[in-house]
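Colleague: Could you take me closely through the surroundings of the ligand, and then through a helix that packs against part of those surroundings?

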Amino acid sequence: MVGCAIARALSEKWEDVFLLEALPKLGLGASSRNSGVIHSGLYYRPGSLKARHCVRGNHLTYEFCASHGVPHRKTGKLVVASSAADSEELSALAENGRANGVPDLRIVDRAAIRAREPRIEGWQAIDVPSTGIVSSEELVRAYARVATDRGANIVTNANVEKLERSPDRIRVTSAAGEIEARCLINSAGLYSDEVAGLLGSKMAEHKIYPVRGDYCELSRAKADWIRGLVYPMPRSDGLGLGVHFTRTLWGNTLLGPTARYVGDKNDYERNRVSVEEFAEGARLLLPGIEAADLAPAHSGIRAKLTPPSQLSSGHFHGTGMPDFIIQRDPEVPNVVHLIGIESPGLTSAPAIAEHVRELVAEILA
Ligand SMILES: Cc1cc2nc3c(=O)[nH]c(=O)nc-3n(C[C@H](O)[C@H](O)[C@H](O)COP(=O)(O)OP(=O)(O)OC[C@H]3O[C@@H](n4cnc5c(N)ncnc54)[C@H](O)[C@@H]3O)c2cc1C
């Protein structure tokens, strides 16, 4: 997602753009294994890259989807507090969103929750009208299509294996061949720390810890128990936004993602969260849900910068939610690294791409 959005932005200005993808197809990593939510920017620390790029990315993503025929819908979402004890935290979250420039946030009561989502049990909620859903696979393809139409070269089966620096060039050796690059952008998702390592860069010290999120799906008969997007209060440890309900563009309803550190960046299946555990967690907001109503669905792996030992507790945007790292390499200034591009990376991609275009313009000036 992010690489394709960058290729699109760079191909507007420069001719010789190459995107190298290790796998046979684009978007097989986190970019198609997510919730497909166009986030509003509610949760992130004011002034952070996450907050700025999410709020701008929200606007740019809707604009791009509308003008390129990418399936999407501005559904709005409810962030639901289950009891009066959460009221203060809910107000603080809404204030945080306002500070980030998220438009039209309102706190609504139980009756308003019920009018929107008749099956949801809640005390109060934040109504977030600017949130929506998108087909992430189609969005990746559309960014890539615009980039190639403008002359960018997208090469799949091109795992980058070696990077050698010379004063004004980076020699890139990939499974598909070699390139002498004036500028290199490391946007390798879960592997961006390892790609920085190929360069012998200190940026590799920003280690990525894979945190898997499992999803399950509500049976067809009960899919309409949810009409839009319903989120719980965010987790206080910064590991994620909590298991939420998403009525997708295709009419099915997903629950997830959970959050669990895994030892392997390819571990999508081992020790999945059981449907019983999903049902138990979900019952707080959706009473009456049973394990028999649920079937396991996909999973995705977050590129986390926080080691398990440093999870925060308390406030929703504590240190457990570090910012995106987007910067030129201090030792190799013609390289830009993007590390820790977890959620809201899908939403932020076009804004991240604008940011990277500025850094590339500095490099090639
Ligand atoms: C469970 C989950 C739910 C999420 N939900 C949302 C959401 O609802 N909304 C939202 O905004 N964000 C969400 N996100 C975050 C979002 O999906 C990611 O931030 C975004 O997809 C990251 O895109 P990316 O291009 O950086 O990473 P990736 O999609 O992982 O792409 C990186 C690519 O680099 C390639 N690569 C790696 N190493 C090499 C190499 N050596 N050589 C060549 N290629 C290489 C990989 O094969 C991969 O295709 C979610 C993430 C997860 C895991």
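Modeller: In this predicted model, 38 residues surround the ligand (C-beta atom, placed from the backbone, within 6 Å of it), and the closest are Gly29, Ser31, Asn34, Gly189 and Gly345. Residues are numbered from 1 along each chain as its sequence is written. Local features need pLDDT of at least 70 and side-chain atom pairs pLDDT 80 or more, whereas totals for chains, interfaces and linings use all residues.

By type, the shell around the ligand comprises 19 nonpolar, 15 polar and four charged residues, with Gly counted as polar. At least two shell residues come from each of helix H1 (2-11), strand E18 (294-304) and helix H8 (345-364); these elements are DSSP runs of at least four residues for helices (H or I) and at least two for strands (E), numbered from the N terminus.

H1 and H8 also pack against the buried residues of helix H5, which occupies residues 136-149. The other packing partners of these H5 residues are helix H2 (49-68), strand E7 (132-134) and strand E8 (153-155), with contact meaning C-beta atoms within 7 Å. The buried residues of H5 are Ser136, Leu139, Val140, Ala142, Tyr143, Ala144, Val146 and Ala147 (20 or more other C-beta atoms within 10 Å).

H5 has 14 residues and spans 20 Å from its first C-alpha to its last, close to the 20 Å expected (1.5 Å times one less than the number of residues). After H5 comes Gly151, with a positive phi near 110°.

Definitions and conventions. Buried ≥ 20, exposed ≤ 12 C-beta atoms within 10 Å, placed from the backbone. Contact = placed C-beta atoms within 7 Å.
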